[in-house]
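Subject: Structure handover and notes

Hello,

Here is the structure I promised to pass on. Please open it next to this email, as my notes follow directly below.

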Amino acid sequence: MSIRIKMLLSFTGMLVISLLFILLTASLYTIAATGDLQSFRDIYKVHYQINPLTEQGETIFQEMKFTAKSDPDELQDKVLLREYDMKLRAEKSGLYVRREDSPIFESRTFHQPGLGQALPAYDLNNNQIRSTFNIGERFYAYAKFDFQYSDGERGSIFVIRERSPFAELTRKLLPVMSLLLIGVLIIANLLLFRWITRSFIQPLHQLRSSAEQIKNGNLSFKLEPSSNDEVGQLSEAFESMRNQLQRSNELRQQDEINRRELISNISHDLRTPITNIKGYIEGIRDGVANTPEKMDTYVNIIHSKAVSMDKLVDELFLYSKLDLNQEPFVFSPVDLVDFMEDSIEELRYDLEDKGVGLEWHNRTSGSVLSAVDLDKLKRTIVNIVDNALKYMNDDDKRLRITLETNQEWNTITFQDNGKGISEEDLPHIFERFYRAEHSRNSSTGGSGLGLAIAHQIVAGHGGLIWAESKLGEGTSIHIQLKRLIDERGKKHD
Ligand SMILES: Nc1ncnc2c1ncn2[C@@H]1O[C@H](COP(=O)(O)OP(=O)(O)OP(=O)(O)O)[C@@H](O)[C@H]1O
Ligand SMILES: [Mg+2]
């Protein structure tokens with residue numbers, strides 16, 4: 001059974017129970033008031049009909065009834081009637097006695113000119129002794145007894161008591177009020193039911209259809225939480241689960257694409273030197289290298305291809321270890337000024353050999369400390385300088401290396417005046433295997449791992465690496481490393 005039906009049943013059950021409860025209370029009240037369950041049908045009239053008078057009034061009425069039966073003519077004695085009336089007045093009731101159509105005695109309690117006409121006709125069987133009547137807005141209850149005088153003329157005694165207009169109003173409105181009450185109960189029930197279904201069932205439906213969408217592999221929808229209650233929180237949790245799933249799905253897809261790319265790049269970059277080596281070895285085997293010079297050239301080419309393969313495999317291995325966080329970093333506080341000066345000293349020979357003018361600008365004063373893994377940072381610098389040399393213009397080759405510092409960061413910049421990198425390539429040069437020269441010609445570039453390795457190493461230092469470049473003007477690569485605070489808690493200047 002669905003929650004919707006269960007709730008509908010429980011609400012209806014509550015409604016029925018409340019109605020039964022009202023009816024039961026009303027009937028118990030009636031029984032308590034009238035002692036008669038039969039009169040329940042006339043619930044709103046019965047009380048006054050059965051008990052129109054007070055106890056005292058009732059005694060007087062019984063007395064007069066007895067007189068009417070035993071000695072009816074006595075009921076023409078005005079002195080006696082006034083006496084009765086006086087007693088009744090104390091009970092807020094009054095006496096009316098008639099003989100045929102004319103009143104013999106009319107109490108002045110009521111001041112009601114229409115009283116005579118409002119009273120019921122004769123009924124000598126006295127079927128209904130007690131009842132009520134209205135004159136205008138006023139409401140009266142009475143006890144009546146019809147009898148015959150000794151001369152055979154009919155007479156009646158009425159003991160009348162005026163009831164409050166409010167009671168009369170209630171009496172009149174009781175059926176309407178009851179219907180209204182039941183109506184309000186039903187409407188309130190329906191409204192509650194609607195409210196609950198809206199805040200509870202609808203979000204559940206939404207959740208179910210979302211779960212179905214996920215089952216069918218669609219993760220790109222958005223689930224809006226409809227409220228702040230528990231159901232809303234459930235929707236929120238569901239939405240964050242969907243988000244997580246979508247993200248991991250995207251990552252998985254991206255990983256798959258990366259893996260395929262990686263395999264295709266590795267096979268391409270390995271195949272080229274292997275094909276070359278194979279070709280030259282076949283040349284040697286087939287006797288093409290028939291002079292010692294040719295043989296020398298062939299062997300040198302084979303050697304350089306083997307070296308480039310070795311470099312590629314080495315880079316690949318390092319990159320994959322860095323990527324998998326399996327390459328441990330060994331940090332020590334290093335003065336970057338000393339470090340850069342040593343590195344430049346090592347590079348100088350190679351640079352001068354290639355005709356590159358090297359400028360070294362140390363814009364700091366004193367020592368500049370960073371936590372550095374020496375070997376890895378050196379590798380980064382080699383990769384960057386290697387690129388600068390590789391992509392250099394032929395004439396007027398210049399490389400400027402600068403070290404700057406501020407409160408937080410130490411920045412090393414490598415600025416060349418090479419061919420530069422286009423705007424669309426610039427954001428990708430730190431990606432693995434990315435080369436601006438897309439044909440992957442091995443004579444004009446490497447495998448595209450140099451900067452990817454540099455990026456992993458700098459990231460491993462908690463630093464930043466980025467490039468600025470203009471096609472035809474040159475490229476600047478910046479490395480930013482966190483500045484170390486010395487033991488005295490001060491920064492080194
Ligand atoms: N200084 C530079 N001037 C011009 N282009 C550059 C420079 N440095 C990098 N690039 C471009 O960025 C690409 C990626 O550089 P990266 O060092 O990662 O790869 P690579 O030099 O091609 O190969 P590897 O370094 O693995 O031998 C290069 O192919 C080149 O197109
Ligand atoms: Mg490179």
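Glu58 and Arg130 join their side chains in a salt bridge, with N to O at 2.2 Å. This is a predicted model, so please read that distance and every other value here as computed. The bridge spans distant parts of the chain: Glu58 sits in helix H3, Arg130 in strand E3, and 72 residues separate them. Arg130 is partly exposed, because its relative accessibility is 22% and the buried class ends under 20%.

The count of salt bridges comes to 23. Two others deserve a look.

Take Glu404 and Arg363. Their closest N and O atoms are 3.7 Å apart, within the 4 Å limit for a salt bridge. Glu404 belongs to strand E9, while Arg363 is in the loop between E7 and strand E8 (369-372), so this bridge ties together parts 41 residues apart in sequence. Glu404 counts as partly exposed, at 32% relative accessibility.

Then Lys376 and Asp373. Their side chains meet in a salt bridge at 3.0 Å, N to O. Are these two buried or exposed? Both Lys376 and Asp373 are buried. They also belong to a network of salt bridges, together with Lys321 and Glu327.

On to the core.

The largest nonpolar core holds 36 residues. Those with the most contacts inside it are Leu351, Ile381, Val385, Leu399, Ile401, Phe414 and Ile465. Which elements give two or more residues to this core? The helices are H9 (336-353), H10 (374-390) and H11 (450-460). The strands are E7 (356-362), E9 (397-405), E10 (409-416), E11 (464-470) and E12 (474-482). H9 gives the largest share, seven residues. As background, nonpolar side chains in soluble globular proteins tend to be buried together.

Some nonpolar residues are on the surface, though. Met1, Ile5 and Leu9 make a nonpolar surface patch of about 330 Å². Met1 is in the segment before helix H1 (3-34). Its relative accessibility is 69%, so Met1 counts as exposed.

There is a charged patch too. Asp71, Glu74, Asp77 and Glu83 gather on the surface as a patch of negative charge. Asp77 is in the loop between helix H3 (55-70) and helix H4 (78-89). With a relative accessible area of 36%, Asp77 is partly exposed. That value is also over the 30% a residue needs to enter a patch.

Next, the backbone. Most residues other than glycine have a negative phi. Two residues are worth checking here.

Asn126 is not a glycine, yet its phi is positive, about 50°. Asn126 lies in the loop between helix H5 (115-118) and strand E3 (130-135). Its relative accessible area is 12%, so Asn126 is buried.

Asp396 also has a positive phi of about 50° without being a glycine. Asp396 is in the loop between H10 and E9. Asp396 is partly exposed, with a relative accessible area of 48%. Exposed would need over 50%, so Asp396 stays in the middle class.

Last, three pairs to compare in sequence and in space.

Leu262 is in helix H7 (residues 230-285). How many Å separate the C-alpha atoms of Leu262 and Arg432, 170 residues apart along the chain? They are separated by 8.5 Å. Leu262 is partly exposed, at 23% relative accessibility.

Phe21 is in helix H1. Phe21 and Asp151 are 130 residues apart in sequence, and their C-alpha atoms are 56 Å apart in space. Phe21 counts as exposed, at 59% relative accessibility.

Arg154 is in strand E5 (residues 154-163). Arg154 and Arg82 are 72 residues apart in sequence and 21 Å apart in space, C-alpha to C-alpha. At 31% relative accessibility, Arg154 is partly exposed.

If you look at one site, try the salt bridge of Lys376 and Asp373, where both residues are buried.

Best wishes

Note on methods
Residues are numbered from 1 along each chain as its sequence is written. Chains are lettered from A and ligands numbered from 1 in the order in which they are written. This is a predicted model: local features need pLDDT of at least 70, side-chain atom pairs count only at pLDDT 80 or more; totals for chains, interfaces and linings use all residues. Side-chain values use heavy atoms; hydrogens and water are left out. Patches are made of residues with over 30% relative accessible area and no salt bridge: like charges are joined within 9 Å, nonpolar side chains (Val, Leu, Ile, Met, Phe, Trp, Tyr) within 5 Å. Accessible areas come from the Shrake-Rupley method with a 1.4 Å probe; for residues, only the protein chains shown count as cover. Lys and Arg count as positive and Asp and Glu as negative; His and the chain ends are not counted. The place of a charge is taken as NZ of Lys, CZ of Arg, CG of Asp or CD of Glu. Helices (H or I, at least four residues) and strands (E, at least two) are DSSP runs, numbered from the N terminus. Buried means under 20% relative accessible area, exposed over 50%, partly exposed in between (1.4 Å probe, protein chains only). A nonpolar core is a set of buried Ala, Val, Leu, Ile, Met, Phe, Trp, Tyr and Cys residues joined through side-chain atoms within 4.5 Å.
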